Amino acid sequence: METDIVSNIMNIRQRMTAAAKRSGRNPADIQLMAVSKTVPAERIREALNAGITWFGENYVQEAREKIPEIGRDASWHMIGHLQTNKVKYVVNLFDWIHSVDRLELAKELDKRAAQNQKTLKVLIEVNVSGEASKNGIEPSRVLELVRQISVLPSLSIQGLMTMPPYSENPEDARPYFIALRRLRDEIAGEHIPGVRTKELSMGMTGDFEVAIEEGATIVRVGRAIFGERQ
Ligand SMILES: *Cc1c(COP(=O)(O)O)cnc(C)c1O
């Protein structure tokens with residue numbers, strides 16, 4: 001079992017490097033995050049031993065069980081939809097929240113982070129496709145939300161995150177990745193104090209190479225590392 005995670009990671013890193021070079025980017029500017037939802041702690045530890053330091057989790061209850069078991073050698077990222085009443089648990093578990101999509105949630109995160117004397121890094125999740133089933137704020141309202149969050153002292157905006165509609169064909173995701181990058185560039189042009197716009201969290205098992213070609217700085221890969229989920 002150990003070797004498949006190690007060789008999967010090597011294979012993904014090679015594909016990431018190739019995609020970066022194709023698009024004239026430095027491979028060192030792209031972070032591989034292992035998405036470990038449903039993956040037991042011992043498999044996560046194998047990925048940690050293979051050099052992965054960033055992990056993404058989707059479910060608060062699962063994260064509360066697993067993260068303390070693995071510990072802080074890793075950097076933990078909340079990538080799933082977050083209910084406001086669960087915020088009290090996440091502030092001490094996670095270093096970054098990728099799924100901030102409304103002011104009410106941001107205010108609660110800010111309050112709890114302040115209580116814990118911590119600054120939380122956050123990304124704004126954007127529903128670029130407009131699909132009703134998707135989380136995220138609509139593109140036309142992102143700039144306003146960024147301005148509102150920028151004044152919250154214990155949150156630090158780092159960029160944007162998106163999840164395109166599911167498709168077998170990775171090329172179908174390209175327009176959504178381009179749209180997220182353009183939105184990011186637009187926000188960067190506003191020079192809002194305290195707002196960083198470097199990060200674009202986009203690309204998963206099926207489409208991370210396309211995402212890198214379009215500017216991803218963080219790719220969130222689950223199945224290609226750990227295998228199919230149950
Ligand atoms: C599950 C998940 C991923 C990883 O998906 P894979 O297809 O397993 O790579 C990435 N991002 C989010 C938000 C997810 O929920």
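This section describes the aromatic contacts and the enclosed and open spaces of a predicted model.

Two aromatic pairs are present in the structure. In one of the 2 aromatic pairs, the rings of Trp-54 and Trp-96 adopt a tilted arrangement, with a centre-to-centre distance of 5.2 Å and an angle of 50 degrees between the planes. Because Trp-54 belongs to strand 2 (residues 54–57) and Trp-96 to strand 4 (residues 96–100), the pair ties together parts of the chain that are 42 residues apart in sequence. Both Trp-54 and Trp-96 are buried. A further contact with an aromatic ring involves Arg-64, which lies over the face of Tyr-89 at 3.7 Å from the ring centre.

With regard to open space, the largest pocket holds about 620 Å³ and is lined by 29 residues, among which Lys-37, Met-163, Met-204, Arg-223 and Arg-229 lie nearest its centre. The lining of this largest pocket comprises 12 nonpolar, 9 polar and 8 charged residues.

As for enclosed space, the structure holds 1 cavity of 30 Å³ or more, and the largest cavity contains about 40 Å³. The walls of the largest cavity are formed by Val-146, Ile-157, Gly-159, Leu-160, Arg-184, Ile-187, Val-195, Arg-196 and Thr-197. Strand 6 (155–162) and helix 7 (174–188) each contribute at least two residues to this lining, and strand 6 gives the most, with 3 residues. When the residues lining the largest cavity are grouped by class, 5 are nonpolar, 2 are polar and 2 are charged.

Definitions and conventions
Residues numbered from 1 in each chain as written. Predicted model: local features only at pLDDT ≥ 70, side-chain atom pairs only at ≥ 80, totals over all residues. Heavy atoms only, no water. Phe/Tyr/Trp six-rings, centres within 6.5 Å; stacked < 30°, edge-to-face > 60°. Helix = DSSP H or I, 4+ residues; strand = E, 2+ residues; numbered from the N terminus. Buried < 20%, exposed > 50% of the residue type's maximum accessible area, 1.4 Å probe, protein only. Lys NZ or Arg CZ within 6 Å of the ring centre and 35° of its normal. 1 Å grid on protein atoms, 1.4 Å probe; cavity = no way out; pocket = protein on both sides within 12 Å on 5 of 7 lines; lining within 4 Å. Points joined across faces, edges and corners; volume = space filled by probe spheres on them. Nonpolar A, V, L, I, M, F, W, Y, C, P; charged D, E, K, R; others polar.
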